[in-house]
Amino acid sequence: MSSLTVTGVTKVFPARGDGSRTVAVDDVTLHVPHGSLTAVLGPSGCGKTTLLRLVAGFLAPDAGEIRFDDRVVAGAGRPVPPQTRRVGYVPQEGALFPHLDVAANIAFGLPRDGGRADRVEEMLDLVELPRDFAGRRPHELSGGQQQRVALARALAPSPSVVLLDEPFSSLDASLRESTGRAVARALRAAHATGLLVTHDQSEALSLSDQVAVLRAGRLIQAGSPADVYMAPHDPELARFVGGATSLPGESDAAGTAATCALGRVTLSQPSSADHLVLVVRPDQVVLVADGVPARVDDVSFYGHDAAVRLSLAADGTALVARVTGPSAPSVGDTVQVGVAGAVHAYPAPVHD
Ligand code: ADP
Ligand code: MG
């Protein structure tokens, strides 16, 4: 496996009938260290698939450079064609050849000399499927098992980089989580350098070493899952990755605390701006004895914990609190809420 470095890469799709052109990937710079997994996170249409196709070599960038280790595969000079880039690709679904059994699917990209059967068994072990699945046809497997076979096939020829384009999005919720964990384990065991595209923030945070957030073709933030969750680049990203609520606030003279509808809160970093946007995550909203009154609008009980939707009595501000399941209040109750821990703040946008 190689490291992957994308530098200033732009891809513009030409004008269609109405004269509009699309900047699908806009000056993106990203480094994926050798043997690590980066999740590319963003809503539909933000350029995730285009970025993967550029890395794979199915598309050529209009600007910028792509390197596998020190080898330039796209940019100045002649591009390296997809087959010599040695990229493993796992699409959303339907990647397997239906008329071939699992073994033949996995062995598809392997040289026709000895050792194929051993490699197939090694790959089945890696993706945690029983070896006797080798003789099955894709239609005899569940969706999650099919995606594991697709990963086994992508990894079998020892590619430089593995690209996974929303590989779990066709699976239902429970299968999605277990398949996601199995795939992440297999990628780690193979010391794979990978890009995992997803529009699901919990998938991105839980499976990857680095999260790269795309919005309208631009890289908004790249950092560890903890960084992106704890210090999202802007309030919009805070809402996207943590279900956070934004509140207006006024900072105090020292810039280390602020006053808002939830009372006085400590800031995670000092701010020099007077007017702030505070982002409060659900796990920071706590029910207390002497807080700000709020009405309980809705309770989603999950057993070990519960999500409580609240509106503040004073101004109707909507909030979500995460509480332990047994302590959840009932709909219609009036409770007192406060903020636990330091709050992340952004300078308020200036309107003129
Ligand atoms: P995502 O995978 O994040 O949903 P895509 O990379 O598929 O987003 O698309 C990004 C943008 O580029 C979208 O606006 C899409 O309509 C446009 N786009 C993608 N592929 C093409 C293409 N071959 N021709 C023209 N526009 C395209
Ligand atoms: Mg896509």
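Where is Asp69 found? In this predicted model, Asp69 sits in the loop between β4 and β5. Its backbone is notable in one respect: phi of Asp69 is near 50°, a positive value in a residue other than glycine. Asp69 counts as partly exposed because its relative accessibility is 35%, and the partly exposed class lies between the limits of 20% and 50%.

Glu166 also has a positive phi, about 45°, although it is not a glycine. This residue belongs to the loop between β7 and α6, the latter spanning residues 173-189. Is Glu166 buried or exposed? Its relative accessibility is 14%, so Glu166 counts as buried. The limit for that class is under 20%.

The strands on either side of the Asp69 loop, β4 and β5, belong to an open sheet. Four strands form this sheet, in the order β2-β1-β4-β5. Their pairing is antiparallel. The edges are β2 (residues 22-32) and β5 (residues 71-74), and each of them pairs on one side only. From one strand to the next, the twist averages 30°.

Within the sheet, strand β1 covers residues 4-13 and pairs with β2. Seven bridges join the two in the antiparallel sense. At Lys11, the bridge partner in β2 is Val25. Helix α1, residues 48-56, packs on the sheet. There the helix touches β1, β2 and β4 (residues 63-68). The direction of α1 makes about 115° with that of β1.

A parallel pairing involves β6 and β7. Strand β6 runs over residues 87-90, and β7 over residues 161-165. Four bridges link them. The bridge partner of Tyr89 in β7 is Leu163. Strand β6 has two faces. Gly88 and Val90 make up the covered face, whereas Val87 and Tyr89 make up the uncovered one.

Strand β6 also takes part in the largest pocket. Rolling a probe the size of a water molecule over the atoms shows where empty space is left. How much space lies in the largest pocket? The volume is about 490 Å³. The pocket is lined by 18 residues, and the closest to its centre are Val87, Gly88, Tyr89, Ala154 and Pro157. Three elements give two or more residues to the lining: α2 (residues 82-85), β6 and α5 (residues 143-155). By residue type, the lining divides into 13 nonpolar, three polar and two charged residues.

Terms used:
Residues numbered from 1 in each chain as written. Chains lettered and ligands numbered in written order. Predicted model: local features only at pLDDT ≥ 70, side-chain atom pairs only at ≥ 80, totals over all residues. Heavy atoms only, no water. Buried < 20%, exposed > 50% of the residue type's maximum accessible area, 1.4 Å probe, protein only. Pairing = 2+ DSSP bridges. Axes fitted to C-alpha atoms, helices over the stretch in contact; angles between N-to-C directions. Contact = heavy atoms within 4.5 Å. 1 Å grid on protein atoms, 1.4 Å probe; cavity = no way out; pocket = protein on both sides within 12 Å on 5 of 7 lines; lining within 4 Å. Points joined across faces, edges and corners; volume = space filled by probe spheres on them. Nonpolar A, V, L, I, M, F, W, Y, C, P; charged D, E, K, R; others polar.
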